[in-house]
Amino acid sequence: MIDINQIPNDFLDKAKKEGILVPVKLDVITYKIDNKIVGMAGIKKLGSTALFKCAYVLKEHRGKGIYDYLFKKRMIIAEDLGYKKMRAFCTKMSVNTLKRYGFNIKKTYKNGITQMTYENI
């Protein structure tokens with residue numbers, strides 16, 4: 001994992017233009033092709049909960065399983081760190097993927113962001 005501030009600004013700008021809320025402080029995992037970041041996914045500790053946010057894959061690399069790979073990797077990291085609860089904030093593009101992994105919709109906001117939760121107790 002790396003700090004989000006190590007991600008190139010042009011990549012973050014593209015994410016922001018598509019409605020991704022990019023925080024100032026966040027640890028992220030990345031996916032690279034030819035040593036260039038084409039996808040990222042953030043994970044943050046929120047008490048006893050792992051918070052998943054800020055997942056993004058460049059448009060030209062979507063449909064190749066990159067988001068799914070990043071999501072699975074975040075789940076493994078959270079479980080390895082002992083988290084039993086996970087919360088995710090996502091756009092409508094990601095809702096079905098999160099449902100496949102056992103997340104449930106908690107709330108959908110006016111800006112289109114959906115909050116989803118997962119518990120493995």
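**Notes on the sheet, its helices and the side-chain pairs**

1. Let's start in the middle of the sheet: β4 and β5 (residues 85–90) run parallel and are joined by 4 bridges. One residue to look at here is F52, whose bridge partner in β5 is A88. Keep in mind that this is a predicted model.

2. Zooming out, the sheet is an open one of 7 strands with mixed pairing, and its order reads β1-β2-β3-β4-β5-β7-β6. At the edges sit β1 and β6 (104–108), each of which pairs on one side only.

3. Now the helices. α1 packs on the sheet, where it touches β3 (36–46) and β4, and its direction makes about 70° with that of β3. α2 packs on the sheet too, touching β2, β3, β4, β5 and β7 (114–119); the direction of α2 makes about 160° with that of β4.

4. On to the rings, where the count comes to 8 aromatic pairs. One of them is F11 with Y56, an edge-to-face pair at 5.4 Å centre to centre and 75° between the planes. Since F11 belongs to helix α1 and Y56 to strand β4, the pair ties together parts that are 45 residues apart in sequence. Are these two rings buried or exposed? F11 has a relative accessibility of 4% and counts as buried; Y56 is buried as well, with a relative accessible area of 4%.

5. F52 turns up again in an aromatic pair with F71, edge-to-face, with 5.8 Å between the centres and 85° between the planes. This pair links strand β4, which holds F52, to helix α2, which holds F71, and the two residues are 19 apart along the chain. F52 is buried at 1% relative accessible area, and F71 is buried at 0%. Which rings join them in a cluster? Ring pairs link F52 and F71 with Y67, Y101, F103 and Y118.

6. Turning to charges, the structure holds 4 salt bridges. In one, the side chains of K25 and D3 meet at 3.2 Å, N to O. K25 is in the loop between α1 (9–17) and β2 (27–33), while D3 is in strand β1 (residues 2–3), so to speak a link between distant parts of the chain, 22 residues apart. The two partners fall into separate classes: K25 is exposed, with a relative accessible area of 54%, whereas D3 is buried at 18%, because buried means under 20% and exposed means over 50%.

7. Next comes E18 with R62, a salt bridge in which the closest N and O atoms are 2.7 Å apart. What does this pair tie together? E18 lies in the loop between α1 and β2, and R62 in the loop between β4 (49–57) and α2 (66–80), so the bridge connects parts that are 44 residues apart in sequence. E18 counts as partly exposed at 28% relative accessibility, and R62 is partly exposed with a relative accessible area of 28%.

8. Last, R100 and D68: their side chains meet in a salt bridge at 3.4 Å, N to O. Here helix α3 (residues 95–100), with R100, is linked to helix α2, with D68, and the partners are 32 residues apart. R100 counts as exposed at 58% relative accessibility. Look at K72 while you are there, as D68, K72 and R100 are linked in a network of salt bridges.

Conventions:
Residues numbered from 1 in each chain as written. Predicted model: local features only at pLDDT ≥ 70, side-chain atom pairs only at ≥ 80, totals over all residues. Heavy atoms only, no water. Buried < 20%, exposed > 50% of the residue type's maximum accessible area, 1.4 Å probe, protein only. Pairing = 2+ DSSP bridges. Contact = heavy atoms within 4.5 Å. Axes fitted to C-alpha atoms, helices over the stretch in contact; angles between N-to-C directions. Phe/Tyr/Trp six-rings, centres within 6.5 Å; stacked < 30°, edge-to-face > 60°.
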